[in-house]
Amino acid sequence: MADNKVFSLRIITPDRHFYEGEVEMVEFNTTEGQIGVLPGHIPMTVILKPGILKIYEPENEKEAALHSGFAEILPTGITILAEIVEWPEEIDVQRAESARERAEERLRTHAPGIDVMRAEIALQKAMTRISVLK
């Protein structure tokens, strides 16, 4: 592990540069499970899964709803290319609750033509949005 106490984090979506700064640690969900990254981490590329993104800055902690994408992890920094990332204040709680209810209903009824995987992902995204607000 490197002697540095911080490393760079860049988060980019199709719509904007969501975040850029120096951080002490980052936590997020991957298809293989939750991961925490510190300076000097071994190089790797991971596929992101919906979950809460935790950003540990030297003087502050931030959380955001991270949906899907990829992360390139290098010893000196992380670049996250995400489909959607939202700060808590950007989330409409009523809309998230409605999306959760719709996804749960689709999964419960198993109606013909329902794409179960899509409904499960929609439920994960809604739950992520709701969780980051708590």
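This section describes the fold, the helix pair, the largest pocket and one strand residue of a predicted model.

The protein contains 2 helices and 10 strands. The order of elements, read from the N terminus, is β-β-β-β-β-β-β-β-β-β-α-α. The ten strands thus precede α1 and α2 in the chain. Along the principal axes, the C-alpha atoms occupy a box of roughly 55 × 30 × 25 Å.

The two helices pack against each other. Helix α1 spans residues 93-109, and helix α2 spans residues 116-133. Their axes lie 8 Å apart and meet at an angle of about 150°. Angles over 145 degrees count as roughly antiparallel, so α1 is roughly antiparallel to α2. The crossing of α1 past α2 is left-handed.

Residues from both helices build this contact. On the α1 side, the contributors are V93, A96, E97, A99, R100, A103, E104, R106 and L107. On the α2 side, they are V116, A119, E120, A122, L123, A126, M127, R129, I130 and L133. By class, 13 residues of the contact are nonpolar and 6 are charged. No polar residue takes part. Among the charged contributors are E97 and R100 of α1, together with E120 and R129 of α2.

The helices also contribute to the largest pocket. Its space amounts to about 390 Å³. A total of 16 residues line this pocket. Closest to its centre are R95, A99, R102, K125 and R129. Helix α1 supplies at least two residues of the lining, and so does helix α2. The lining comprises 10 charged and 6 nonpolar residues, with no polar ones. Two residues link the pocket to the helix contact: A99 and R129 are among those closest to the pocket centre, and both also belong to the contact of α1 with α2.

In the strand portion, I12 gives a local view. This residue lies in strand β1, which covers residues 7-12. I12 and I84 are 72 residues apart along the chain. Their C-alpha atoms are separated by 9.0 Å. Neighbours within four places in sequence aside, I12 is in contact with H17, I80, L81 and A82. Strand β1 therefore reaches, through I12, residues far along the chain, with contact meaning heavy atoms within 4.5 Å.

Technical notes:
Residues numbered from 1 in each chain as written. Predicted model: local features only at pLDDT ≥ 70, side-chain atom pairs only at ≥ 80, totals over all residues. Heavy atoms only, no water. Axes fitted to C-alpha atoms, helices over the stretch in contact; angles between N-to-C directions. Helix = DSSP H or I, 4+ residues; strand = E, 2+ residues; numbered from the N terminus. Parallel < 35°, antiparallel > 145°, perpendicular 65-115°, else oblique. Left-handed = near helix turned anticlockwise from the far one by under 90°. 1 Å grid on protein atoms, 1.4 Å probe; cavity = no way out; pocket = protein on both sides within 12 Å on 5 of 7 lines; lining within 4 Å. Points joined across faces, edges and corners; volume = space filled by probe spheres on them.
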